[in-house]
Amino acid sequence: MKSANFQDKSLNHHNKRDICLNSGRLASFFFSSLALTMLFSFFLYFPSPFEAISRSEIQRKGVNVIKPSEGNSILHCDLFKGHWTRDHNASLYENSTCSTIPESKNCFLNGRTDKDFLNWRWKPEGCNLPRFDPKIFLDMVRGNKMAFIGDSVAENQVHSLLCLLSLGEIPKDIYKNEIDRNRVWHFSEHDFTLMNLRTNFLVAGEQRSINGSLSATYNLHIDKVDKNWIPNLPTTDYVIISEGHWFFRPIYLYDGGKIIGCVYCNEPNITNVGVGGAIRLTFRAALAHINGCKECRGLVTVVRTFSPAHFENGTWNTGGSCSRTGPLNESDVNLESEAWEVRKIQIEEAERAQKEGEKNGKTFVIMDVTKAMLMRPDAHPGDYWGNHWMKGYRDCVHWCMPGPIDMWNEFLMAILEIETGLVS
């Protein structure tokens, strides 16, 4: 399995420029002049970000990408094995300088006063993690399309990336659907499209109805991938895929219409596969779909491992909180936890997908954030998430911005440096 440090291998990656016509068609009529023809052609030439389209590949020309000062050291270094060190320059932006931070992640806006959690930076053993550089990042993805596929924690990373990239270019918010499940931003100077495609389970699922009312129980169909993220896959260059937190609830798993297992059900004749078993089945289904996409030539899929929650003295709905103000030592991390087991399963499924992907030009890369984030119980919103809907509940799942979640995008930049051959 290839990770950010596992192989010295350049990716012969062609940039793609996507051309897509809006679904609405102009009524046919006779064009009276060439100028009129060109005028209407111009107005039809806009991307519809969620329509499955063919893509044409173009070679990158004349793009000068500055190599990182760390050089090639990240090629032979495990970026994900390390510790947090003091660094008063760790944050590249402030909550007041990034206008796209969601209110629920803007911890200082919501009253948090301690700031020491910002003064730590991840230090891999044996090398330095390159600091995020918006110019390098945007030059590497020039002419490309990148999609984050996952739940609200994946969206948390997208908003972190927006803040970091906005230091180099302010994007245009070009698409938002009615229920805010999908968003698209475009960086016109670099012809780079960034997408957030929301899915809680990666596969198709629906809430169970009991006596005419929706319950907290879900039915998941592992033979059907969630249609919310698959249409645009053939036109995408980079996918960052993740899942996890929605599986800690009662779930019934179906394959071909038949129940094959459950989570938290305790019913006779139904196998309780547990949270890990459900994640394995759905992750395998999603990665198999990516591998089976014949139109997805040269697609690089980054598998982001589980991001742990840090509820203490209770769970999310029994008074649990996260009020620490500093990181844990590595010796304090519980490697027997369910979060670590989920990480293990995700890595195993990514390695399985990579073996299959090698046969048809697909690349799968692991971005292992679990251990680093297990050490950061101090960086959740906790009480400071602008809670207007669920009084008395703390957010110990998502991450404050700015904060350690920005390090995920430094991992992502290092991965891109390897995949594009910038370091080799």
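**Exercise 1.** In this predicted model, work out what span the 19 residues of helix α4 (residues 274-292) should have, and check it against the end C-alpha atoms.

*Solution.* Start with the rule: the expected span is 1.5 Å times one less than the number of residues. For the 19 residues of α4, that gives 27 Å. Now look at the model: the end C-alpha atoms of α4 are 27 Å apart, so the two agree.

Next, pick out the buried residues of α4. They are Val275, Gly276, Ala278, Ile279, Thr282, Phe283, Ala285, Ala286, Leu287, Ile290 and Asn291.

**Exercise 2.** Is aspartate 226 buried or exposed, and what does its side chain make a polar contact with?

*Solution.* First, place it: aspartate 226 sits in the loop between β11 and β12 (238-241). Its relative accessibility is 14%. Buried means under 20%, so aspartate 226 counts as buried.

Then follow the side chain of aspartate 226. One polar contact goes to the side chain of threonine 199, at 2.8 Å. The backbone nitrogen of asparagine 228 is reached at 3.0 Å. Skipping neighbours within four places in sequence, aspartate 226 is in contact with Arg181, Arg198, Thr199, Leu202, Val203 and Ala204.

**Exercise 3.** Describe the lining of the largest pocket, by element and by class.

*Solution.* The volume of this pocket is about 1,600 Å³. Its lining takes in 48 residues, with His245, Phe311, Trp316, Asp395 and Val397 nearest the centre. Elements giving two or more residues are α3 (152-165), β11 (213-225) and α5 (338-357); the largest share, five residues, is from α3. Sorted by class, the lining has 21 nonpolar, 15 polar and twelve charged residues.

Terms used
Residues are numbered from 1 along each chain as its sequence is written. This is a predicted model: local features need pLDDT of at least 70, side-chain atom pairs count only at pLDDT 80 or more; totals for chains, interfaces and linings use all residues. Side-chain values use heavy atoms; hydrogens and water are left out. On a 1 Å grid over the protein atoms alone, a cavity is a set of points where a 1.4 Å probe fits but cannot get out, and a pocket is an open set with protein on both sides within 12 Å along at least five of seven lines; lining residues have an atom within 4 Å of a point. Grid points are joined across faces, edges and corners, and a volume is the space filled by probe spheres set on the points. Helices (H or I, at least four residues) and strands (E, at least two) are DSSP runs, numbered from the N terminus. Ala, Val, Leu, Ile, Met, Phe, Trp, Tyr, Cys and Pro count as nonpolar, Asp, Glu, Lys and Arg as charged, and the others, Gly among them, as polar. Buried means under 20% relative accessible area, exposed over 50%, partly exposed in between (1.4 Å probe, protein chains only). A polar contact is a pair of N or O atoms within 3.5 Å; within protein, one must be able to donate a hydrogen and the other to accept it, and residues adjacent in sequence count only if both atoms are side-chain atoms. Contact means heavy atoms within 4.5 Å.
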